[in-house]
Amino acid sequence: MTIPVAEPDSDTDLLAAVRSGDTAAYGTLYERHRTAARQLAYGLSRDPADADDLVAETFAKVFASLRAGRGPMVAFRAYLHTTMRHVCYHRARRDRRLEFTDDLTRYDEGEPFTDPALDRLERAYAAAAFRQLPERWRDVLWQTAVEGNTPAEVAGMLGMTPNAVAVLAHRAREGLRSLYLQQHVAAAEHPECRWAGDRLGGHLRGRLASRDAGRMRTHLGWCAECRGRFAEIREIDGLRHRSYRQRHHADRAG
């Protein structure tokens, strides 16, 4: 007689168990997904120690969310990976701002500095946003922003007038900007927060219809969590227009 083998609990079952206080269930989720998490972490950070810290912090954050009644009901790995990208981004921003020094000349105008980890993550966000654009918007952005063609040159390729190309390019850039900002917003659990989260980038860029904009203002009026998300992407939007500058070590030696 063949003895049936018990099927392992699904991620959905384990998530429900964690919410009910079963810590061991989260241990099972950790064992099941840590290899994939480490692979992503090593793609985001070249330093093995930093990658391990990133994995640990991400799992800790997701566990805290679940114990607080938030976090994913399904699709644990997707949520875990999204959280890791956000943790990586915030750590890079935090480390970029922190400086331990008694030399105040470091705050003088210096040389441009790009954080490699932050730059990689920003590029990933930008690429994901670009892929979400309508094909025609992608075409006009590629031709104008990447290839460097003028609206007059692109007009013949797309069968449009130069003016129409310029208008389309402007709309495409605004659309890309909104979608790029949207990449920084983690998925929320509450349906109204999910609705707001999907539109925060457009709201910041003034691209919501008046009815949706009113609904958004009402939601932000009572939801502190979404106000926090909105403040976060507003800061990101501002940072993209300022270059971070760091004095060269030779400057301090002189």
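This briefing walks through the overall make-up, the nonpolar cores, the salt bridges and one buried histidine of the protein above. The structure is a predicted model. The chain holds 13 helices and two strands, and buried residues make up 37% of its 254 residues. A search of the whole structure turns up five salt bridges, and three of them are described below.

**The chain as a whole**

- Let's start with the surface: the accessible area of the chain is about 15,000 Å². Carbon and sulfur atoms account for 53% of that area.
- Now for contacts between residues with a separation of 6 or more: 66% of these involve residues 24 or more positions apart in the chain.

**The nonpolar cores**

- In soluble globular proteins, nonpolar side chains tend to be buried together.
- In this model, the largest nonpolar core has 22 residues. The members that touch the most other members are Y26, L29, L54, F59, F76 and M84.
- Which elements give two or more residues to this core? They are helices α1 (11–19), α2, α3 and α4 (76–97). The largest share comes from α2, with seven residues.
- F76 is a good residue to look up in the structure. Leaving aside residues up to four places away in sequence, F76 touches D11, L15, Y26, L29, H33, F59 and V62.
- Another core lies apart from the largest one. This other core has 12 residues, including L133, L141, L168 and A172.

**A salt bridge inside one helix**

- R34 and E31 form a salt bridge, and their closest N and O atoms are 3.2 Å apart.
- Where do the two partners sit? Both R34 and E31 lie in helix α2 (residues 23–44). They are three residues apart, which is about one turn of the helix.
- Are these partners buried or partly exposed? R34 counts as partly exposed because its relative accessibility is 33%. E31 has a relative accessibility of 45%, so E31 also counts as partly exposed.

**Salt bridges between helices**

- D52 and R38 meet through their side chains in a salt bridge, at 2.8 Å from N to O. This pair links distant parts of the chain, with D52 in helix α3 (residues 48–67) and R38 in helix α2, 14 residues apart.
- D52 is partly exposed, because its relative accessible area is 33%. R38 counts as partly exposed too, at 36% relative accessibility.
- R215 and E192 also meet through their side chains in a salt bridge, at 2.9 Å from N to O. Here helix α11 (residues 210–222) supplies R215 and helix α9 (residues 191–197) supplies E192. The two residues are 23 residues apart, and the pair links distant parts of the chain.
- R215 has a relative accessibility of 36%, so this arginine counts as partly exposed.

**A buried histidine**

- H219 is found in helix α11, the helix that also holds R215.
- Why does H219 count as buried? Its relative accessible area is 1%, and buried means under 20%.
- What does H219 touch, not counting residues up to four places away in sequence? Its contacts are E192, C193, A196 and C226.
- E192 therefore appears twice in this briefing: as the salt-bridge partner of R215 and as a residue that touches H219.

How values were computed. Residues numbered from 1 in each chain as written. Predicted model: local features only at pLDDT ≥ 70, side-chain atom pairs only at ≥ 80, totals over all residues. Heavy atoms only, no water. Salt bridge = Lys/Arg side-chain N within 4 Å of Asp/Glu carboxyl O. Helix = DSSP H or I, 4+ residues; strand = E, 2+ residues; numbered from the N terminus. Buried < 20%, exposed > 50% of the residue type's maximum accessible area, 1.4 Å probe, protein only. Contact = heavy atoms within 4.5 Å. Areas by Shrake-Rupley, 256 points an atom, 1.4 Å probe, with all protein chains shown as cover. Core = buried A, V, L, I, M, F, W, Y, C linked by side-chain atoms within 4.5 Å.
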